[in-house]
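Student: Could we go through this structure together? I'd like to know what stands behind each term.

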Protein chains: 2
Amino acid sequence: MPKRVDHEHRRQQIAAAVRRIAADRGLEGVSLNEVAAEAGISKGFVQHYFASRDDMLRFATTTLRSGLEERIATPSEPHVRELLIALLPLDEAARDDALVANAFLMRALKDPEIAGHFRTGHGRLRDAVTAMLAAARDDGEFVATLDPVSEAALLLALVSGLGDAVLLGYQTGEEAIALIDLHLSRITA
Amino acid sequence: MPKRVDHEHRRQQIAAAVRRIAADRGLEGVSLNEVAAEAGISKGFVQHYFASRDDMLRFATTTLRSGLEERIATPSEPHVRELLIALLPLDEAARDDALVANAFLMRALKDPEIAGHFRTGHGRLRDAVTAMLAAARDDGEFVATLDPVSEAALLLALVSGLGDAVLLGYQTGEEAIALIDLHLSRITA
């Protein structure tokens with residue numbers, strides 16, 4: 001079914017253009033004209049694949065943070081600390097992920113479908129961190145009284161806040177990593 | 001100088017309209033037409049007070065988080081925990097502050113003047129938390145080895161991340177407060 005593949009491929013290409021513009025200048029910059037120019041196709045073509053700008057924005061959030069999953073899908077079992085550091089905007093891919101998430105945040109508060117994509121992505125991440133913490137605790141790495149669910153929520157909130165602090169220049173990447181280590185030292189056995 | 005007062009008052013009125021729209025639908029929604037309608041004045045009047053949309057956006061960020069300062073400026077000395085909870089988007093004023101900060105975040109990354117306003121506001125907050133932590137530590141409330149500068153940065157990152165988690169529905173306000181308490185329990189003497 002080459003037609004179907006083409007269709008999906010085109011939509012992904014347009015979504016990637018939306019995300020690049022959003023990461024660069026926020027959703028303010030995402031107009032039909034700009035997206036068409038960024039994707040290197042005509043305005044009419046964009047309209048052929050998406051019925052509306054909202055439809056296009058929604059589709060662009062279906063693959064939020066998929067870059068992260070690729071980055072942490074290493075053959076060996078990843079460590080909690082590595083995963084947390086991979087979430088900080090320290091390289092281009094992680095920075096783009098963080099920028100796109102920030103660009104879409106206000107929209108997620110208004111659009112239930114986009115909010116759903118945010119929640120799905122966050123839920124997967126929280127479950128992964130919870131499982132890692134539980135396993136590491138059972139291996140004796142973390143204090144035995146540690147509640148993996150609460151600690152995962154705490155760590156993800158901390159990393160999210162540190163990510164914004166790095167983006168805004170409140171903290172350097174090294175300082176953010178030092179703060180993660182300070183926090184982890186308190187739950188380490 | 002009534003003229004001068006009027007001028008400043010008008011600019012503040014327009015900035016307040018910008019912030020209300022930004023909190024409601026992000027900077028995407030901030031057009032000359034929308035701002036004029038929200039402020040209840042003509043488009044030409046807005047243009048009389050601001051040379052450009054960028055100029056208007058910059059001015060709107062000069063008073064970021066000033067609501068917070070009013071809320072925490074209690075006669076008695078505020079406690080660290082109270083201040084942290086006041087930063088969470090749990091009531092309308094704190095929610096508006098958080099939404100406006102989020103709406104302007106992408107813009108702050110591109111506009112050095114807006115970035116400066118963000119850094120000034122964050123610096124004031126960090127200094128206040130650092131001073132509170134140092135005083136409470138010296139009073140024996142916190143562990144003696146606590147470094148107020150690092151702990152303030154850690155706490156503010158945590159609260160910023162928890163704030164977004166509450167806005168996005170990842171966590172309830174009560175859960176966010178419980179996580180702050182879990183964190184504080186580890187640095188309490």
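Student: Which residues touch the most other members of the largest nonpolar core?

Tutor: In this predicted model, A:V18 and B:V18 do, out of 106 residues in that core. A nonpolar core is a set of buried Ala, Val, Leu, Ile, Met, Phe, Trp, Tyr and Cys residues joined through C-beta atoms within 7 Å. Local features need pLDDT of at least 70 and side-chain atom pairs 80 or more, while totals for chains, interfaces and linings use all residues. Residues are numbered from 1 along each chain as its sequence is written, and chains are lettered from A in the order in which they are written.

Student: What does B:V18 touch?

Tutor: Leaving out residues up to four places away in sequence, B:V18 touches B:V30, B:V35, B:M56, B:L57 and B:A60. Contact here means C-beta atoms, placed from the backbone, that lie within 7 Å.

Student: Why is A:A135 called partly exposed?

Tutor: A:A135, in helix α8 of chain A, has 14 other C-beta atoms within 10 Å. Buried takes 20 or more and exposed 12 or fewer, with partly exposed in between, so A:A135 is partly exposed.

Student: What makes α9(A) roughly perpendicular to α10(B)?

Tutor: The axes of α9 (residues 148–167) of chain A and α10 (residues 173–187) of chain B come within 10 Å and cross at roughly 90°. Roughly perpendicular covers 65 to 115 degrees (under 35 is roughly parallel, over 145 roughly antiparallel, the rest oblique), so α9(A) and α10(B) fit that label. Helices are DSSP runs of H or I with at least four residues, numbered from the N terminus.

Student: Which residues meet there?

Tutor: A:S150, A:A153, A:L154 and A:A157 meet B:L179, B:L182 and B:H183. By class, this contact has five nonpolar, two polar and no charged residues. Asp, Glu, Lys and Arg count as charged; Ala, Val, Leu, Ile, Met, Phe, Trp, Tyr, Cys and Pro as nonpolar; the others, Gly among them, as polar.

Student: How do you know that the copies are related as by a two-fold rotation axis?

Tutor: A turn of 180° and a shift of 0.0 Å along the axis lay chain A on chain B with an RMSD of 0.0 Å. The copies are thus related as by a two-fold rotation axis. Superposition is by least squares on C-alpha atoms of residues with pLDDT of at least 70 in both.

Student: Why do you say the copies meet through the same surface?

Tutor: Because 100% of the interface residues of chain A are also interface residues in chain B. Each chain's share is 36 residues from chain A and 36 residues from chain B. On the side of chain A, α9(A) gives the largest share, 12 residues.

Conventions
Axes are lines fitted to C-alpha atoms, for helices over the stretch in contact, and angles run from 0 to 180 degrees between N-to-C directions. Helices (H or I, at least four residues) and strands (E, at least two) are DSSP runs, numbered from the N terminus. Two residues are in contact if their C-beta atoms, placed from the backbone, lie within 7 Å.
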